[in-house]
Amino acid sequence: MSKHTVFVEAPPFAKFSDAEMRRLLDDERLEVLDWRGKRVNTPGFVEALATADIAVTGNSLTITDELLEKLPNLKLIAKLGTGLDMIDIPSVLRRGILLCNTPGANSVAVAEHTFALLLGYLRNVPQCDNAVRTGQWEKARTMGGEICGKTVGIIGLGNIGSRVASRMAGFEARLLGTDPCWPEALAAKYGIERRELNELLAESDIVCVHCPLDETTAGFIGKAELALMKPSALLVNMARGGIVDEDALYEALRGKVISGAIIDAYSQEPLTASPLFSLDNVILSPHAGAFTTDALNAMSRMSVDQLFQYVDGATPDNLVTAE
């Protein structure tokens, strides 16, 4: 019986528990190539990947048509996480390669990180900590704001956005939303008012971005959109960097067009230099929303489940199609 060759690239795969890697290593039908943490320019990387018919990938590996030309044996890509903006989906599907991801596995983690950063910003948590450490017992200097009673606009009401909405409802915020696939039941349950993007931006005190990055959302929020927001408004981007024009955001923050921003995703990662570093009205996070042990274990488990569905001759869950 010929073996399947599994190329594991995703750095977070089985990072906090070796249970899923053991599932792979213990199956006699599989030969496992562990290249976690290596880059495509690492000597031997592409050559090893070319021998595999299954690849377990993360956000670091950009799968282009050019790369796929070098991978004649590839039959399945199991992508950790929901985002697929680093994969040329048409080229993958045109070659008959199966592609699946792990939607929902990290949605709680990202939603909770949204609130961690948002509450940290509104209640000046870093400043509070610094004040105590430096002997500045001056509460007025750490005066904050509340979510309760604010109008919160959510762009994208999928797995993550829906969980943000449910939690925002618990904070007694008024909820606005925009999504091309409007979730009627969710909106009815939490009282989410449907708005077009420009209306949502103009009405909201807090704007949370949770939509995927694709050809329809690239550059979604630029100078013109930021100008629609209230001067007191806060922008929170927990999705992808390419959705928000970072140069326009910098100018809007510097010029007090909007009050502040929270950013967890950037057009270039890792972010090693940025004019945003000079601003005190922005909180920056290293695209860490999904990084909890629970979420990473769940993503690893879902990817291995999908892999074994394929090996067993079944259709993997969460298969990406052309629609």
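E172 sits in the loop that joins helix α7 (159-170) to strand β7, where helices (H or I, at least four residues) and strands (E, at least two) are DSSP runs numbered from the N terminus. Its phi is near 65°, a positive value in a residue other than glycine. E172 is exposed, with a relative accessible area of 57%; here buried means under 20% relative accessible area, exposed over 50%, and partly exposed in between, for a 1.4 Å probe and protein chains only. A second positive phi in a residue other than glycine belongs to K256, near 60°, which lies in the loop between α11 and β11 and is likewise exposed, at 51% relative accessible area.

The model is a predicted one, in which local features need pLDDT of at least 70 and side-chain atom pairs count only at pLDDT 80 or more, while totals for chains, interfaces and linings use all residues. Residues are numbered from 1 along each chain as its sequence is written, and side-chain values use heavy atoms, with hydrogens and water left out.

## Domains and record annotations

The protein is divided into domain 1, which takes in 4-105 and 292-312, and domain 2, which covers 146-284; these bounds come from an automatic or database domain assignment. The centres of domain 1 and domain 2, taken over C-alpha atoms, are separated by 31 Å.

UniProt, in an unreviewed entry, lists residues 115-289 as "domain: D-isomer specific 2-hydroxyacid dehydrogenase NAD-binding", and, also from an unreviewed entry, it places "domain: D-isomer specific 2-hydroxyacid dehydrogenase catalytic" at residues 29-320. The UniProt positions are given in the numbering used here, feature names are shortened, and annotations may be inferred rather than shown by experiment. The computed content of each span is set out below.

| Span | End C-alpha separation | Helix | Strand |
|---|---|---|---|
| Residues 115-289 | 10 Å | 33% | 15% |
| Residues 29-320 | 25 Å | 35% | 15% |

## The seven-stranded sheet

An open sheet of seven strands runs in the order β8-β7-β6-β9-β10-β11-β12 with parallel pairing, two strands being counted as paired if DSSP finds at least two bridges between them. Its edge strands are β8 (193-194) and β12 (282-284), each of which pairs on one side only. Towards the β8 edge, strand β7 (residues 174-178) pairs with β8 in the parallel sense over two bridges, and G177 stands opposite R194 in β8.

Strands β10 and β11 run parallel and are joined by four bridges, with I263 in β11 as the bridge partner of N237. Both faces of β11 are covered, since G260 and I262 on one side and A261 and I263 on the other are all buried. Helix α11 (residues 246-254) lies across β10 (234-237), β11 (260-263) and β12, running at about 145° to β11; axes are lines fitted to C-alpha atoms, for helices over the stretch in contact (heavy atoms within 4.5 Å), and angles run from 0 to 180 degrees between N-to-C directions.

The loop between β11 and β12 holds P270, and the peptide bond from E269 to P270 is cis, with omega near 0°.

## The five-stranded sheet

Another open sheet is formed by five strands in the order β2-β1-β3-β4-β5, and its pairing is also parallel. The edge strands of this sheet, β2 (30-34) and β5 (98-100), each pair on one side only, and neighbouring strands are turned by 15° against each other on average, direction ignored. Strand β4 (residues 76-79) runs parallel to β5 and is joined to it by three bridges, and the bridge partner of I77 in β5 is L99. Helix α12 (residues 293-311) lies across β1 (4-8), β2, β3 (54-57), β4 and β5, and runs at about 165° to β4.

## H113 and the cysteines

H113 has its place in helix α5 (residues 107-122) and counts as buried because its relative accessibility is 19%. Not counting residues up to four places away in sequence, H113 touches M238, D264, S285, A288 and G289.

The structure holds zero disulfides, a disulfide being a pair of cysteine sulfur atoms within 2.5 Å. C181 is in no disulfide, and the nearest cysteine sulfur, that of C211, is 12 Å away. C181 counts as exposed at 63% relative accessibility, whereas C100 is buried, with a relative accessible area of 0%.
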